[in-house]
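I am opening a fresh page for this structure and will write down each thing as I look it up. I begin with a single side chain and work outward from there.

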Amino acid sequence: MGWISPHSENGSVRPAFPLTLGMGSPLGSSPSSRAGRRCHGDGPLAEARLVSLQGMAGQFRSYVWDPVLILSQIVLMQTVYYGSLGLWLALVDGLVRSSPSLDQMFDAEILGFSTPPGRLSMMSFILNALTCALGLLYFIRRGKQCLDFTVTVHFFHLLGCWFYSSRFPSALTWWLVQAVCIALMAVIGEYLCMRTELKEIPLNSVPKSNV
């Protein structure tokens, strides 16, 4: 930094001041002003950050009321529910060499710990809740809707049991099993969907500036 002498050629005294380079501060700019520009971002860097944030926001889906989509998802989840339940019943019955029947799926009185078919049916319902949680992950893909679709699936299953046996399910064991299945399916499905939603946020997409 250069300084102009306070003594002029003719001996008069004049105030000393630092030699500036046209930037309003010695040698062009102060460290604080340069740091401020780095924090707020220069022109190209700020534009790159803005474009990156706009791209990040575009990855979030906009959800609107779509009755056709909702009905399709309900039918799909109901198909997954009964399809996987039938497979689990067939697998478990095959292990103990028992013949599968619709009573294990729709008869509320058969569930229980006292008979082998009742225990096998309870095991199949619990395993089916885990499978349906994967169905929520692949076909619903939104954590906030997992509980809604889980309750809807089990509500239609209640109607199916009511229609099949021509009486409203009143067995306490049946209601306990359905409550456990609803809790497992909703909690695990919501957990998996939320993990997928968090992975879709590109945290490393904003370019870093060299400080």
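Entry 1, glutamine 178. I looked up whether glutamine 178 is buried or exposed. In this predicted model, glutamine 178 has a relative accessibility of 4%, which is under the 20% limit, so I count this residue as buried. I place glutamine 178 in helix H7, and, once I set aside its neighbours within four places in sequence, I find it in contact with Tyr81, Leu111, Phe125, His154 and His157.

Entry 2, the fold as a whole. I then stepped back to the protein chain, where I count seven helices and zero strands, so that I can note the pattern along the sequence as α-α-α-α-α-α-α. Of the 211 residues of the chain, I find that 28% count as buried. When I take the contacts with a separation of 6 or more, 67% of them are accounted for by residues 24 or more positions apart.

Entry 3, the nonpolar core. Which residues of the largest nonpolar core touch the most other members? I find that they are Met77, Phe125, Leu136 and Trp174, in a core of 27 residues. The elements that give two or more residues to this core are helix H3 (67–95), helix H4 (103–106), helix H5 (116–140), helix H6 (146–165) and helix H7 (172–199), and the largest share, seven residues, comes from H5. As background I note that in soluble globular proteins nonpolar side chains tend to be buried together.

Entry 4, methionine 77 and glycine 135. Leaving aside its neighbours within four places in sequence, I see methionine 77 in contact with Cys132, Gly135, Leu136, Phe139, Ile140, Phe149, Val153 and Met185. I followed one of these, glycine 135, which is found in helix H5 and counts as buried because its relative accessibility, 5%, is under 20%. Not counting residues up to four places away in sequence, glycine 135 touches Met77 and Ile140. I also noted its separation from methionine 185, which is 50 residues in sequence and 9.5 Å in space, C-alpha to C-alpha.

Entry 5, glutamine 145. I looked next at the loop between H5 and H6, where glutamine 145 is found. Its relative accessible area is 22%, which lies between the limits of 20% and 50%, and therefore I record glutamine 145 as partly exposed. Glutamine 145 and glutamate 190 are 45 residues apart in sequence, and I find their C-alpha atoms 8.1 Å apart in space.

Entry 6, the cysteines. How many disulfides does a search of the whole structure find? The search gives zero. To see why cysteine 181 has no such bond, I looked for the closest cysteine sulfur, which is in cysteine 132 at 8.8 Å, too far for a bond when the limit is 2.5 Å. I also record cysteine 181 as buried, with a relative accessible area of 2%, and cysteine 161 as buried at 0% relative accessibility.

Entry 7, the cavity. Rolling a probe the size of a water molecule over the atoms shows where empty space is left. I count one cavity of 30 Å³ or more, and about 40 Å³ of space lies in the largest cavity. Its lining is made of Phe106, Asp107, Ala108, Glu109, Cys161, Ser165, Arg167, Phe168 and Pro169, which I sort into five nonpolar, one polar and three charged residues.

Notes. Residues are numbered from 1 along each chain as its sequence is written. This is a predicted model: local features need pLDDT of at least 70, side-chain atom pairs count only at pLDDT 80 or more; totals for chains, interfaces and linings use all residues. Side-chain values use heavy atoms; hydrogens and water are left out. Buried means under 20% relative accessible area, exposed over 50%, partly exposed in between (1.4 Å probe, protein chains only). On a 1 Å grid over the protein atoms alone, a cavity is a set of points where a 1.4 Å probe fits but cannot get out, and a pocket is an open set with protein on both sides within 12 Å along at least five of seven lines; lining residues have an atom within 4 Å of a point. Grid points are joined across faces, edges and corners, and a volume is the space filled by probe spheres set on the points. Ala, Val, Leu, Ile, Met, Phe, Trp, Tyr, Cys and Pro count as nonpolar, Asp, Glu, Lys and Arg as charged, and the others, Gly among them, as polar. A nonpolar core is a set of buried Ala, Val, Leu, Ile, Met, Phe, Trp, Tyr and Cys residues joined through side-chain atoms within 4.5 Å. Helices (H or I, at least four residues) and strands (E, at least two) are DSSP runs, numbered from the N terminus. Contact means heavy atoms within 4.5 Å.
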